[in-house]
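Visitor: I would like to take a close look at a single part of this protein, and to hear slowly how that part fits in with its surroundings.

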Amino acid sequence: MTKGHAWVLGATGQIGRAAVRALAADGWEVTAASRGGARDAGWDAGVRAVALDRDEEGALEKALGDGCDVLVDMVAFGGAHARQLTGLADRIGSAVVISSGAVYEDERGRSFDTQAEPDGFPRYPVPLRESRATVAPGDGTYGTRKVLLERQLLAAGEALPVTLLRAGAVHGPYCRTPRELYVVKRLLDGRRRRVLAYGGKSRFHPLHVSNAAELIRLAAGKPGSRVLNAADPEAPTVAEIASAIDAVLGRETETALIDGPAPEGRVGETPWSGAHPVVYDMTAAGEQLGYRPVTGYAESLPETVEWLAGELTGRDWREAFPKMLKNYGAGLFDYAAEDAWLAAYAGGPRCARPRSHASGASYGLGVACGVHVTSRRSVFPVSR
């Protein structure tokens with residue numbers, strides 16, 4: 001006997017693939033919808049894959065037919081998608097919708113939307129709870145569209161119980177913007193020194209796809225109207241992440257740590273870089289859903305690194321990950337600029353003498369997760 005019928009929109013995306021597997025394993029009859037209608041090799045044979053463009057007028061309504069017990073939406077943005085779902089409330093028992101931590105703003109009105117401005121990076125409390133204020137709803141940015149989506153869905157009340165999951169920095173196989181690429185490609189290219197801004201202490205709370213899928217599975221079984229953070233059990237620093245990836249690939253690297261932001265040329269800037277930590281509080285998910293993470297960051301790394309290495313085999317990174325190029329620019333791997341900075345500053349008159357040591361002794365991620373970390377770091381406190 002099945003738990004009911006679950007529809008997954010955006011099923012072949014990064015989180016969608018894992019969510020379909022988790023729901024099917026939990027006893028749901030799953031329809032996996034995506035524009036291409038493809039299947040994932042890891043899905044149960046009973047999963048039904050269908051081609052669907054949810055933005056085509058009337059397409060979702062027609063495809064749902066008599067409806068479903070739960071609809072999981074990976075690709076909802078803005079008011080139009082909120083109205084689409086609420087308009088089908090009589091056919092949907094409950095919904096689980098992916099939102100984002102980008103909705104939050106700090107006490108001075110700073111958010112991810114302002115991070116490129118002078119002193120624009122938000123300073124959130126640590127940890128960051130769901131009660132934190134959000135940016136105003138609107139159609140202007142990713143964050144404002146997600147807030148608009150949230151508010152319109154929550155306004156449906158009992159007519160459509162919806163769990164909104166504010167995802168952290170999603171990671172795992174099939175990611176279109178894999179932050180780990182920053183470290184993995186450097187190691188595969190034979191780089192043995194790297195530069196990290198903000199002393200390597202930047203923290204942007206990650207969310208592995210399997211933990212996202214677990215939250216979706218739990219929310220599907222406990223319908224209700226709620227907003228919950230979605231994140232891994234730990235929020236490692238960028239230096240800890242880099243050291244853990246070194247360990248996976250069995251490499252040893254020296255790391256030059258810049259005090260403060262990246263200098264001109266963006267040397268040391270990474271996809272995790274930020275002046276202040278972004279760490280989500282997961283208490284509510286535990287209390288309301290009984291959430292217990294199924295993996296930690298370092299535990300999940302080998303699969304991600306193997307996938308990334310495969311995607312880079314015989315391909316330029318800009319071809320393999322065009323969205324990374326769009327989001328971060330070609331300077332993400334400007335080795336000439338890094339080498340020039342290292343030659344000018346590392347060991348120069350404005351830098352302390354390098355102090356190298358095994359990073360596992362100072363970075364807790366590898367030790368806590370049972371990873372033997374072989375990386376070394378050199379500290380260059382630079383006066384800027």
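Which residues are linked with D26 in a network of salt bridges?

Guide: The model in front of you is a predicted one, and in it the network of salt bridges that contains D26 also takes in K3, E214 and R217. Side chains of opposite charge can pair when their charged atoms come close. One such pairing within this network is between D26 and R217, whose side chains meet in a salt bridge with 3.3 Å from N to O. If you follow the chain, you will find D26 in the loop between α1 (14-25) and β2 (28-34), while R217 belongs to helix α6, so that the pair links parts of the chain that are 191 residues apart. R217 is partly exposed, because its relative accessible area is 21%, and a residue counts as buried when that value is under 20%.

R217 also leads us from the charged groups to the nonpolar ones, since it is among the residues that L23 touches. Leaving aside residues up to four places away in sequence, L23 also touches A6, V8, W28, V30, V72, I216 and A220. In general, nonpolar side chains in soluble globular proteins tend to be buried together. Here the largest nonpolar core has 80 residues, and within it L23 and I216 are the ones with the most contacts. Helix α6, which spans residues 209-221, gives this core its largest share, namely 8 residues. Apart from this core lies another one, of 24 residues, including A59, C68, L85 and L149.

To set the part we have chosen against the whole, it helps to know that the structure holds 24 salt bridges. Another of them joins R35 and D53, with the closest N and O atoms 3.7 Å apart. R35 lies in the loop between β2 and β3 (48-51), and D53 in the loop between β3 and α2 (59-64), so this bridge ties together parts that are 18 residues apart in sequence. R35 is exposed, with a relative accessible area of 63%, whereas D53 is partly exposed, at 29%. A further bridge is formed by the side chains of E254 and R193, again described by its distance from N to O, which is 3.7 Å. In this case the pair links strand β11 (residues 254-257), where E254 is found, with strand β8 (residues 193-196), where R193 is found, and the two residues are 61 apart along the chain. E254 is partly exposed, with a relative accessible area of 27%, and R193 is partly exposed as well, at 33%.

Charged groups are also found over aromatic rings in this model: the charged end of R17 sits over the ring of Y174, 3.9 Å from its centre, and the charged end of R186 sits over the ring of Y182, 3.8 Å from its centre.

If you now step back to the protein as a whole, you can count 13 helices and 13 strands, and buried residues make up 56% of its 384 residues. Among the contacts between residues at least 6 apart in sequence, 76% join residues at least 24 apart, and the link between D26 and R217, at 191 residues apart, is one example of a pair that brings distant parts of the chain together.

Key. Residues are numbered from 1 along each chain as its sequence is written. This is a predicted model: local features need pLDDT of at least 70, side-chain atom pairs count only at pLDDT 80 or more; totals for chains, interfaces and linings use all residues. Side-chain values use heavy atoms; hydrogens and water are left out. A charge sits over a ring if NZ of Lys or CZ of Arg is within 6 Å of the ring centre and within 35 degrees of the ring normal. Helices (H or I, at least four residues) and strands (E, at least two) are DSSP runs, numbered from the N terminus. Buried means under 20% relative accessible area, exposed over 50%, partly exposed in between (1.4 Å probe, protein chains only). Contact means heavy atoms within 4.5 Å. A nonpolar core is a set of buried Ala, Val, Leu, Ile, Met, Phe, Trp, Tyr and Cys residues joined through side-chain atoms within 4.5 Å. A salt bridge is a side-chain nitrogen of Lys or Arg within 4 Å of a carboxyl oxygen of Asp or Glu.
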